[in-house]
Amino acid sequence: MQKNIIKLLLGVTVTAVAVTVAVMTLRKATVEVIDSAATVETVTDKAIDITPTVIKSIEDIGEWAFLEIDNEEIVDTVRHGFFSDDRLVRIYYGTVRIGINLKETHEGWMAVENDTLKARLPKVRLLDNNFIDETRTKAFIETGKWSHQDRKALYDRAVAKMKKRCLTKENYKAAQDNAIEQFTAMLHAIGYDKVQVEVER
């Protein structure tokens, strides 16, 4: 449900940006040149432009995930006793989201150079450290009494394992490639033909 809501909000935002750009960014200047024979020549200047309002509308998209990885992690701990051992085994579920936050862009990150719109996106990163869905956490085995600190320690281990498995160079590269592809497609969709997009490393 959360993914669908994010996609719906993103679709609405991109549509709003498209409307804004259609109204505000494309300038067509027509110049009439009249010679001695009273003939008229029409020249169309298709110079492109992007206004601060349009840039702000794009920045307001905020977080944009370009790679989502579903995870399942089993973590256990054992406490040895004199007569018996206590054991706690829990299963954690979470979705690691790698992407960018457009509110973290630097001044001048999007500008027109000659006939090309250039954009420099922020570095891709883990968007949310609280990616484990605790409502889905299951106690697989639980014997003995365990404190909140014990359960927190197990949770932290699950987070560390998921990060180690998911936050790899390969996944960051995949997210960067997706960011360039999808952001370029968005700019094309709102009316810019020549665009150049790069992501901070």
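## Exercises on strand pairing and confidence

In this predicted model, strand β3 (residues 63–80) and strand β4 (residues 85–101) run antiparallel and are joined by 17 bridges.

**Exercise 1.** Determine how many residues lie between β3 and β4, and which residue in β4 is the bridge partner of Ala65.

*Solution.* Begin with the connection: β3 and β4 form a hairpin, with four residues between them. Then follow the bridges from Ala65 into β4, where the partner is Gly99.

**Exercise 2.** Work out the strand order of the open sheet of three strands, and explain why β5 and β9 each have one side without a neighbour in the sheet.

*Solution.* The order is β5-β6-β9, and the pairing is mixed. Because β5 (110–113) and β9 (195–199) stand at the edges and each has a single partner strand, one side of each is left without a neighbour in the sheet. From one strand to the next, the twist averages 20°. Turning to a single pair, strand β6 (residues 116–121) and β9 run parallel and are joined by five bridges, and Arg120 stands opposite Glu198 in β9. Finally, helix α4 (residues 169–189) lies across β5, β6 and β9, running at about 150° to β9.

**Exercise 3.** Establish where in the protein confidence is lowest and where it is highest.

*Solution.* Take the overall figure to start with: the protein averages a pLDDT of 81, and 77% of the residues score at least 70. Confidence is lowest in strand β1 (residues 29–34), with a mean of 34, and highest in strand β7 (residues 125–126), at 98. Over residues 1–45 pLDDT stays under 50, and for this stretch the model has 51 contacts beyond four places in sequence.

Technical notes. Residues numbered from 1 in each chain as written. Predicted model: local features only at pLDDT ≥ 70, side-chain atom pairs only at ≥ 80, totals over all residues. Heavy atoms only, no water. Pairing = 2+ DSSP bridges. Helix = DSSP H or I, 4+ residues; strand = E, 2+ residues; numbered from the N terminus. Axes fitted to C-alpha atoms, helices over the stretch in contact; angles between N-to-C directions. Contact = heavy atoms within 4.5 Å. pLDDT = per-residue confidence, 0-100.
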